[in-house]
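Got your viewer open? Let's take a walk through this one together, one selection at a time.

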Amino acid sequence: MKIKENLYSKRIISIDALRGITIFVMIFVNELASVKNVPQWMKHMPADADAMTFVDLVFPSFLFIVGMSIPFAFNARLLKGDSPKTIWTHTLKRALALVVIGVFMVNAEYGYDASKMLIAPAFWGLLAYAMPIPIWNKYPKDFPVWIKWTLQYGAILVLILLYFVYIQDTGERGMTPKWWGILGLIGWAYFFTVVYYWLVSGKLWAMIAFLVFCVVMNSLNLTENSFVRNISWLSFIAGHLTHAALASAGIIISLLFFDRKIESKINWPVIGFIILFFAVGFFLRPYFGISKIHGTPSWTMLSAGICTILFYFLYWLMEIKKQTKWSEFFMPAAANPLLIYILPGVIYYFNLAFNIHIIPDYFREGVPGIIWSLVFSTIMLLVMKICNRFKIQLHL
């Protein structure tokens, strides 16, 4: 893969802004999920509803942003002089870390036999959510090495012990990937997409071919009696290619924006892909429906189209019109996405473990609940600003 000295050399703040906005909305909808009597358009649509809300767009938006960031990340590592071995190792470690964290989070939610576990499930969940922080924290260069290693390896040991003290509701010891969790799904999508991106040297035509392949495999995996669905390992890969399609769509849009000089004021290839994403999405809708839960190709393609429109607007507003001041509110989340995703879980299980009730039940229903969810999301951004100032940042 060739190094591009000028390309991807500067930070694109519109990508950071889209990431920050996505995370803010993610925290809002996650908090809102426990609030009763809110409109359906503020919740995930049921699996078989053939529809989607803005809530169903949060996860694909994050995958899309992961894809957009990949060419920048690879070029930065090549500029640093990283060897292929170093890049491959980093890719595998990042994907594995996301999968591991995701599996621990899922097992904290359900599937355990509380009566047989050595520690209370709430305390188990608190440790499962909290331990990734010391393991993957980006410690300052002047931080004492022995303290760093103590924190990291101590936390790893805790996670290993958590695995062995976990008793499933079937009576078996140890965790299972009931599903991979949001972070785990991101990890698998990142793995498949980055490996392919590296093998084809980030060529645009090859990434387009990969996106087509992902959509086809996703469609076959949802078709009864297809060979993909009937072969377990192939169905496993196809399931993750559902989300890899969104990451690869992000890469394609990133390449169309930043891999060449744009002569026209309007990026016509990007406009073409927006039309294509929507056309494919609506074409496949009668066959598979729009479903985030089932991960249908129509949901994938429509989400890619909407994400592209959102980014195009932010690019025009921030990179061309230079209107960036408003985005400072969201930037703390953009700079520390993993921590802000984990921290609400830490707070939840801490309160559960120690039987702390801070929020009155009045704020768990209807309009007050919606307002509280917005307030909570804002508080989390402020907390991230403090964490960033004190160099508490997770870096996989």
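How many residues does the largest nonpolar core have, and which of them have the most contacts inside it? The answer is 125 residues, and the ones to pick out are W124, I253, F258 and F311. Keep in mind as you look around that this is a predicted model.

**Stop 1: the core**

Select helix 10, residues 232–258, since that's the element that gives the most to this core: 14 residues. Now zoom in on I253 and show what surrounds it. Leaving out neighbours within four places in sequence, you'll find I253 in contact with F64, M68, F273, F277, T308 and F311. F311 should ring a bell, as it's also among the residues with the most contacts inside the core.

**Stop 2: the cysteines**

Next, select C214 and C307. How many disulfides does a search of the whole structure find? Zero. Why does C214 have no such bond? Because the closest cysteine sulfur, in C307, is 16 Å from its own, which is too far. Seen from C307, the closest cysteine sulfur is the one in C214, again 16 Å away and too far for a bond. Switch on a surface and check both residues: C214 is buried at 0% relative accessible area, and C307 is buried too, at 2%.

**Stop 3: a loop residue and a partner far along the chain**

Jump to A120, in the loop between helix 3 (84–109) and helix 4 (121–130). Is A120 buried or partly exposed? With 45% relative accessibility, A120 counts as partly exposed. Now add A353 to your selection and draw a distance between the two C-alpha atoms: they are 7.7 Å apart in space, although 233 residues separate A120 and A353 in sequence.

**Stop 4: a nonpolar patch on the surface**

Select V145, W149, Y153, I156, I160, Y163 and F164. Together these residues form a nonpolar patch on the surface, with about 720 Å² of accessible area. Take F164 as an example: you'll find it in helix 6, residues 145–165, and at 48% relative accessibility F164 is partly exposed.

**Stop 5: salt bridges**

How many salt bridges are there to look for? The count comes to five, and here are three of them to visit.

- Start with R19 and D16, whose closest N and O atoms are 2.7 Å apart. Both residues sit in helix 1 (residues 13–32), three residues apart, or about one turn of the helix. R19 is buried at 12% relative accessibility, and D16 is buried at 8%.
- Move on to E31 and R364, a salt bridge with its closest N and O atoms 3.1 Å apart. This pair links distant parts of the chain: E31 belongs to helix 1, while R364 is in the loop between helix 14 (337–353) and helix 15 (366–389), 333 residues away. E31 is buried, with a relative accessible area of 16%.
- Finish with D50 and R285, whose side chains meet in a salt bridge at 3.1 Å, N to O. Here too, distant parts of the chain are linked: D50 is in the loop between helix 1 and helix 2 (58–80), and R285 is in helix 11 (residues 268–288), 235 residues apart. Color this pair by accessibility and you'll see D50 partly exposed at 31% and R285 partly exposed at 30%.

Technical notes. Residues are numbered from 1 along each chain as its sequence is written. This is a predicted model: local features need pLDDT of at least 70, side-chain atom pairs count only at pLDDT 80 or more; totals for chains, interfaces and linings use all residues. Side-chain values use heavy atoms; hydrogens and water are left out. A nonpolar core is a set of buried Ala, Val, Leu, Ile, Met, Phe, Trp, Tyr and Cys residues joined through side-chain atoms within 4.5 Å. Buried means under 20% relative accessible area, exposed over 50%, partly exposed in between (1.4 Å probe, protein chains only). Helices (H or I, at least four residues) and strands (E, at least two) are DSSP runs, numbered from the N terminus. Contact means heavy atoms within 4.5 Å. A disulfide is a pair of cysteine sulfur atoms within 2.5 Å. Patches are made of residues with over 30% relative accessible area and no salt bridge: like charges are joined within 9 Å, nonpolar side chains (Val, Leu, Ile, Met, Phe, Trp, Tyr) within 5 Å. Accessible areas come from the Shrake-Rupley method with a 1.4 Å probe; for residues, only the protein chains shown count as cover. A salt bridge is a side-chain nitrogen of Lys or Arg within 4 Å of a carboxyl oxygen of Asp or Glu.
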